[in-house]
Amino acid sequence: MKIILIAAVSKNGFIGKNNQLMWHLPNDLKRFKNLTIGETVLMGRKTFESIGKILPKRTNIILTKDKINFMKSLHLKNITIQKNIKFFSSVKQIDYLTNERIFVIGGEKTYASTIEKAHTIELTLVHKKFYGDAKFPKIDAKKWKKIYEFFYEKDKYHLYNYSFIRFEKKEKSFSSI
């Protein structure tokens with residue numbers, strides 16, 4: 001199993017405010033869709049609530065400690081439970097999945113609890129400081145290697161400069177005794 005964290009992050013590390021994104025970058029949304037379509041996505045309950053729907057053509061795993069009340073709230077919002085949705089009470093349950101790849105799509109607590117298990121980080125860096133209430137974990141340069149970075153200038157559809165960056169976990173080095 002390969003765990004991939006995918007996120008859009010401000011220059012100073014924020015990913016959201018009041019359970020919402022703080023920017024609109026159509027190319028980031030396209031990239032997100034292209035990378036996750038046909039895959040498994042893992043998200044916390046708050047992230048699911050901010051999206052407001054089950055992501056189509058993906059297996060959706062939602063982390064919630066209170067599945068019964070969460071399912072009641074889905075019913076009240078007329079969101080039907082489909083076969084492509086699963087509920088986990090803990091991130092530890094992903095260890096038992098046989099999926100080839102799992103994309104972790106947020107939020108802050110879910111990223112923090114999966115970054116050590118992750119193999120890849122697909123990051124959209126928004127080249128502007130924003131201030132919110134949710135942050136992405138620090139990417140430790142000792143553990144992660146930047147594979148590429150593609151920079152894009154702002155335009156009429158994108159209000160901010162941004163970059164697509166891929167990090168991969170470095171191989172553990174073993175010293176001979």
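Contact here means heavy atoms within 4.5 Å. On that basis, 70% of the protein's contacts with a separation of 6 or more are between residues 24 or more positions apart. Please keep in mind that this is a predicted model, where local features need pLDDT of at least 70, side-chain atom pairs count only at pLDDT 80 or more, and totals for chains, interfaces and linings use all residues. Residues are numbered from 1 along each chain as its sequence is written, and side-chain values use heavy atoms, with hydrogens and water left out.

**Overall make-up**

- The protein has four helices and 10 strands, where helices (H or I, at least four residues) and strands (E, at least two) are DSSP runs, numbered from the N terminus.
- Along the sequence, these elements come in the order β-β-α-β-α-β-α-β-β-α-β-β-β-β.
- Of the 177 residues, 42% are buried; buried means under 20% relative accessible area, exposed over 50%, and partly exposed in between, using a 1.4 Å probe and protein chains only.
- About 11000 Å² of the protein is exposed, and carbon and sulfur atoms supply 53% of that area; accessible areas come from the Shrake-Rupley method with a 1.4 Å probe, and for residues only the protein chains shown count as cover.

**The largest pocket**

- The largest pocket has a volume of about 1400 Å³.
- It is lined by 44 residues, and the closest to its centre are Thr-47, Ser-50, Ile-105, Gly-106 and Gly-107.
- A pocket is an open set of points on a 1 Å grid over the protein atoms alone, where a 1.4 Å probe fits, with protein on both sides within 12 Å along at least five of seven lines; lining residues have an atom within 4 Å of a point.
- Grid points are joined across faces, edges and corners, and a volume is the space filled by probe spheres set on the points.
- At least two lining residues come from each of β1 (2-10), β2 (14-16), α1 (26-36), α2 (45-51) and α4 (108-114).
- The lining holds 16 nonpolar, 15 polar and 13 charged residues, with Ala, Val, Leu, Ile, Met, Phe, Trp, Tyr, Cys and Pro counted as nonpolar, Asp, Glu, Lys and Arg as charged, and the others, Gly among them, as polar.

**The second largest pocket**

- The second largest pocket encloses about 220 Å³ of space.
- Among its 13 lining residues, Val-9, Gly-13, Phe-136, Pro-137 and Lys-138 are the closest to the centre.
- Two or more residues of this lining come from each of β1 and β7 (120-126).
- Seven of the lining residues are nonpolar, three polar and three charged.

**Helix α1 and its surroundings**

- Asp-28, Arg-31 and Thr-36 are buried in α1.
- These three residues are on the same side of α1, because they cover an arc of only 110° around the axis; the arc is that of the directions from the helix axis to the C-beta atoms.
- Lys-30 and Asn-34 are exposed, on the face of α1 turned away from its buried side.
- The packing partners of the buried α1 residues are β1, β3 (40-44), β6 (101-104), β7, β9 (144-152) and β10 (162-169).
- Gly-38, just after α1, has a positive phi of about 80°.

**Two residues and their contacts**

- Thr-110 lies in helix α4 and is buried, with a relative accessible area of 5%.
- Neighbours within four places in sequence aside, Thr-110 is in contact with Leu-42, Met-43, Gly-44, Leu-63 and Val-104.
- Arg-166, in strand β10, is partly exposed at 24% relative accessibility.
- The C-alpha atoms of Arg-166 and Glu-122 are separated by 4.8 Å, with the two residues 44 apart along the chain.
- With neighbours within four places in sequence again left out, Arg-166 is in contact with Thr-120, Ile-121, Glu-122, Lys-145, Lys-146, Ile-147 and Tyr-148.

**Backbone points worth a look**

- Most residues other than glycine have a negative phi, and most peptide bonds are trans.
- Gly-106 and Gly-107 are joined by a cis peptide bond, with omega about 0°; Gly-107 sits in the loop between β6 and α4.
- Asn-18 has a positive phi near 50°; this residue is in the loop between β2 and α1 and is exposed, with a relative accessible area of 59%.
- Asn-19 has a positive phi near 65°; Asn-19 also lies in the loop between β2 and α1, and is partly exposed at a relative accessible area of 33%.
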